[in-house]
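Student: I should like a close look at a single part of this structure, taken strand by strand. Please describe one strand together with its pairing partners.

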Amino acid sequence: PVAIWSDWHLGEVVDPAALNGYNGFNSEISERRVRRLVASTIDLCANHGPGNYPGIIVNLLGDFISGGLHPEHAKTDDETRITATLRARDLLVWALKAMADHFGKVFVPCTSGNHGRDTPKPEFKGYLQHNFDWLIYQLLQREFAHDKRVTFQIDPSNEAYYQVFGRTILAVHGDMLGVKGGDGIIGAIGPIMRGEIKTRGQAASLGRPYDLLLMGHWHQTLWLPRAVVNNSLKGFDEYARNSLRAVPSKPSQALFFMHPKRGITSRWDVLLDEQEEAKAAEWVSWKE
């Protein structure tokens, strides 16, 4: 199993009244969703997959705190950068210990996002040392220093490059694909695909070709031919509704299985809110 955890935005507040009740988000809701993420990931792997694994890969791909990045966040967040960072650390310690207890081995590739930075605009020199995501990863690595079940990859390039059964993966946050903009019809797919092509060309030129690109940042699940884009813990918010007029999606995180021969065999959106049972009693029905 390969999980992607990103874009938790701890500390941010989403007002359900502003979204006609579709979604809400705050510190209490975020913790509840993280606990459901862990429980659902274990359930899907144990009861809906092969069940025999050498371990699990948990990609931590950034934006774990809101960070008061924009003026409206600074006014409405219910936690500061530091308090949200400490809570992210505590939640991730608990979550990774749960993964280790169930799967035995946990490999944790880490990349930092844009919301964790402490500069008004992105600065590309010394980027990680000004990023609270990176601080979270350093705290996690110290916490698990004597737990051989959990291994971290925290690369100074802010990319994670590794192999799963011979297939090469490049993991990034997703904000630095060298593209901007979007389209009113196809949304973010256009810039993401253009960015993947640019990233793939640069990676090949640097002697680091990959088979699959993993990222977060875009707050939607996309299973693309050469890339997997992760959704967010936060879910639909005021910006997505009023500025983007985006179609809302349920908060989720991506999970897939990598087979030694067949590659990706299962793809899951791990839903983070409680789901209602279907009302229909029959397993299938149709009109005569």
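Tutor: In this predicted model, Ile169 stands opposite Leu212 in β7. That strand, β7, covers residues 212–215 and is joined to β6 by three bridges, the two strands running parallel. The part to examine is therefore β6, which spans residues 167–171 and is largely enclosed by the rest of the structure, because four of its five residues are buried. Buried here denotes a relative accessible area under 20%.

The other pairing of β6 is with strand β5, residues 160–164; this pairing is antiparallel and extends over five bridges. Within it, Tyr161 stands opposite Leu170 in β6. The connection between β5 and β6 is a hairpin with two residues between the strands. Phe165 lies in that turn and has a positive phi of about 50°.

Taken together, β6 pairs in the antiparallel sense with β5 and runs parallel to β7. The residues named above place these pairings along the strand: Leu170 of β6 faces Tyr161 across one pairing, while Ile169 has Leu212 of β7 opposite. As a general point, side chains in a regular strand alternate between the two faces of the sheet. To follow the arrangement in the structure, one may begin at β5, pass through the turn that holds Phe165, continue along β6 with its four buried residues, and then cross to β7 by way of the three bridges.

Conventions:
Residues are numbered from 1 along each chain as its sequence is written. This is a predicted model: local features need pLDDT of at least 70, side-chain atom pairs count only at pLDDT 80 or more; totals for chains, interfaces and linings use all residues. Side-chain values use heavy atoms; hydrogens and water are left out. Buried means under 20% relative accessible area, exposed over 50%, partly exposed in between (1.4 Å probe, protein chains only). Two strands pair if DSSP finds at least two bridges between them.
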